[in-house]
Amino acid sequence: MQKFTLLKGIVAPMDRANVDTDAIIPKQFLKSIRKTGFGPNLFDEWRYLDVGQPGVPESDRKPNPDFVLNQPRYKGAKVLLARKNFGCGSSREHAPWAIDQYGFRCVIAPSFADIFFNNCFKNGLLPIVLPEAAVDLLFNEVAAFPGYELTVDLERQVVVRPQGEEIPFEVQAFRKYCLLNGLDDIGLTLRHADKIKAFEAERLATKPWLAHTAVNA
């Protein structure tokens, strides 16, 4: 998992409340057995004028020019600014995969759905909860200033506005540790690789029959 330490990037505003995971990545794209390739279909039903289907190249699609992510001023955005209850709906982990693979590393909102919130941390995304007044302020500034950027400092737990003003945010210590060090669940387990190997060696020494698989059992 990619480390998250200090991020500076353009902010894209998603000015809708209760954005659910089916809007983030529609159900027809969940058939893939891979964990990659979901970025082109992020917000598919809003981003395009045609109906999206798996395997159709992005170059063959009809972009919706009115959708925020298709506007040139938000090209390359790394911070997604959202409204309350972002990520509600089903528990599909494909939602944070699609957001991350599009290029976002951070989502800021007044509130998130619990499962989506947890899945973000497990996939290298930083979801930040800020008061609605602070989110309103950021929406206003994004609208007023093309190319509007924020700096997100996870170590210090602050969002820094262009003028230098800092907005503090809370993050659970263990989740912060995992993001700073780029550790997902597998990475956390592999920190104990030597102990796992020692356990396996001892287990096979005391129970050698476990090393063999029964044939025609």
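Analyst: Patches are made of residues with over 30% relative accessible area and no salt bridge, with like charges joined within 9 Å and nonpolar side chains (Val, Leu, Ile, Met, Phe, Trp, Tyr) joined within 5 Å. This is a predicted model, in which local features need pLDDT of at least 70, side-chain atom pairs count only at pLDDT 80 or more, and totals for chains, interfaces and linings use all residues. Residues are numbered from 1 along each chain as its sequence is written, and side-chain values use heavy atoms, with hydrogens and water left out.

User: Which residues make the nonpolar surface patch?

Analyst: L204, W209 and L210 make this patch, of about 310 Å².

User: Why is W209 called exposed?

Analyst: Exposed means over 50% relative accessible area, buried under 20%, and partly exposed in between (1.4 Å probe, protein chains only); W209 has 56% relative accessibility, and therefore counts as exposed.

User: Why is R73 called partly exposed?

Analyst: The relative accessible area of R73 is 28%, so R73 is partly exposed.

User: What makes the link between R73 and A143 a polar contact?

Analyst: A polar contact is a pair of N or O atoms within 3.5 Å; within protein, one must be able to donate a hydrogen and the other to accept it, and residues adjacent in sequence count only if both atoms are side-chain atoms. The backbone oxygen of A143 lies 3.4 Å from a polar atom of the R73 side chain. The R73 side chain also makes a polar contact with the side chain of Y74, at 3.4 Å.

Conventions: Accessible areas come from the Shrake-Rupley method with a 1.4 Å probe; for residues, only the protein chains shown count as cover. A salt bridge is a side-chain nitrogen of Lys or Arg within 4 Å of a carboxyl oxygen of Asp or Glu.
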